[in-house]
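Let's take a walk through this fold together. Keep the model open beside the text and follow along as we go.

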Amino acid sequence: MGELKVDVDPAEAGFDAARLKRIDDHFARYVDNGRLPGWLAVVSRHGKIVHVGSGGHRDVEAGLPVEPDTLWRIFSMTKPITSVAAMILAEEGLLELDDPISQWLPEFASPRVYVKGSALKPLTEPATGPIRVWHLLTHTAGLTYGFHHGHPVDAIYRSAGFEWGTPPGLDLAACSEQWAKLPLLFQPGAEWNYSIATDVLGRVVEVVSGQSLDEFFQSRIFGPLGMTDTGFFTSATERLAAMYLPDPSGGIARNDAFGALGTTRPSCLSGGGGLVSSASDYRRFSEMLLRGGVLDDVRLLSPRTVSLMASNHLPGHVDLEAYGRPLFAEMPFDGHGFGLGFSVLEDPVKARTISSAGEFAWGGAASTAFWVDPAADITVGFYTQLLPSSTYRLRPQLRQLVYQALVD
């Protein structure tokens, strides 16, 4: 486990220390007025940590504070890791981005697409083309999530047992077979919709590599990068932050429905949202991406591959807002495209942010977030455990606070 502490004078890295303190002051107010249980933020530049801030509790009821080694359920911050896994296999020539996924997952050989009708009586038609690997990486496959509530197919997923999780006892292979039976929202490659696509991608990784997803992650990503605190579960449950929901009074309420998540090996290894990690571990992953696929002389990807991943792949090169499906109420997607596993900031003015063009990022359902800014040579991670992430505008607020402190 890497140590999480400031290792350079912020001024040497172009930051104003007094302005960085505004991060701590801002999120302390969230804790003081009961809106967040606890939080941790880490800001790095030029490979050095310039700021670590934290406050509150990882477990409010037990009185356990947030500490540097606190473990967090990172939910969809799992997706970039699964995307890196797929690109490792692509670099080895074991798959191509244009390959139909039915080459490995025959259950997806004949997908059908929703045309009209209700969730109980949908009218479907055959897909005009196959679902390809790049469709999974870009969320353009036509798959969805049951926790969306904007389309009849979302309701079909819920009725099949896929809302915030998977049916008990089904492993990833069995879930993939079930997903393949459900209709697509649109023709593959036609639009963008945030979905279980990365979970299906995780199954592709398993079949292509001949390893379970946790084995592949450990042998090809976590082990090489020294990510000793990241996995689908942890035995160090005393370090694992408890989950919370907002309550009607404006405070928080403990959410033990997710209490077992991350404490035992799940039947379905979710490449879309199943990992537990620490701020130190995820920083190592982020720094690897910032450096074009290498960290401490360990290379996972080539710089060209990382550059491709951090480019906008959306049909017509539009931004996410064009689809009328803003994912997070706290983060407008004007000016953001989507790459192979991340959102990509293309137009800071349109996005109304003082971050840099070329920044790539993602977050998790419990309000965690990270981003990589190649132009400014910055990585940032933010950790808390409040579900859903749309409760507060934490991510744009953090961006504003980080960049207002950058003064070089």
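Before we start, one bit of vocabulary: two strands count as paired if DSSP finds at least two bridges between them. Keep in mind, too, that this is a predicted model.

With that in hand, go to strand E1, residues 38–45. E1 pairs with strand E2 (residues 48–59) in the antiparallel sense, over eight bridges. Pick out Ala 41 and look across into E2: its bridge partner there is Gly 53. The hairpin of E1 and E2 has two residues between the strands, and in it His 46 takes a positive phi near 55°.

Now look from E1 towards strand E16, residues 378–383. These two strands also run antiparallel, joined by six bridges. Ala 41 turns up again here, and in E16 its bridge partner is Phe 382. So how many residues of E1 are buried? Eight of its eight are, which makes E1 a mostly covered strand. Both faces are covered: on one side sit Gly 38, Leu 40, Val 42 and Ser 44, on the other Trp 39, Ala 41, Val 43 and Arg 45, and all are buried.

Step back and you can see the sheet these strands belong to. It is an open sheet of eight strands with antiparallel pairing, in the order E3-E2-E1-E16-E15-E14-E13-E12. Strand E3 (64–65) and strand E12 (336–338) stand at the edges; each has a single partner strand, so one side of each is left without a neighbour in the sheet. Further in, strand E14 (residues 360–363) and strand E15 (residues 369–373) run antiparallel and are joined by four bridges. If you want a landmark in that pair, Gly 363 stands opposite Ala 369 in E15.

Which helices pack on the sheet? One of them is H8 (residues 279–290), which touches E1, E2, E14, E15 and E16. The direction of H8 makes about 30° with that of E15. Helix H11 (residues 394–404) packs on the sheet as well, touching E1, E14, E15 and E16, with its direction at about 40° to that of E15.

On the way from E16 to H11 the chain passes through a loop, and that is the place of Ser 389. Is Ser 389 buried or exposed? Its relative accessibility is 6%, so Ser 389 counts as buried. For a long-range neighbour, try Ala 366: the two residues are 23 apart along the chain, yet their C-alpha atoms are separated by 5.4 Å.

Next, a helix pair. Helix H2 (residues 79–91) and helix H6 (residues 197–209) have axes that come within 9 Å and cross at roughly 35°. The crossing of H2 and H6 is left-handed. H2 brings Lys 79, Thr 82, Ser 83, Ala 85, Ala 86 and Leu 89 to the contact, while H6 brings Thr 198, Leu 201, Gly 202, Val 205, Val 208 and Ser 209. By type, the residues of this contact divide into six nonpolar, five polar and one charged.

Finally, the cysteines. How many disulfides does the structure hold? Zero. Why don't Cys 175 and Cys 268 count as one? The sulfur of Cys 175 has its closest cysteine sulfur in Cys 268, but at 3.8 Å that is too far for a bond, because a disulfide needs the sulfur atoms within 2.5 Å. Both residues are tucked away: Cys 175 is buried at a relative accessible area of 0%, and Cys 268 is buried at 8%.

Methods. Residues numbered from 1 in each chain as written. Predicted model: local features only at pLDDT ≥ 70, side-chain atom pairs only at ≥ 80, totals over all residues. Heavy atoms only, no water. Buried < 20%, exposed > 50% of the residue type's maximum accessible area, 1.4 Å probe, protein only. Axes fitted to C-alpha atoms, helices over the stretch in contact; angles between N-to-C directions. Left-handed = near helix turned anticlockwise from the far one by under 90°. Contact = heavy atoms within 4.5 Å. Nonpolar A, V, L, I, M, F, W, Y, C, P; charged D, E, K, R; others polar.
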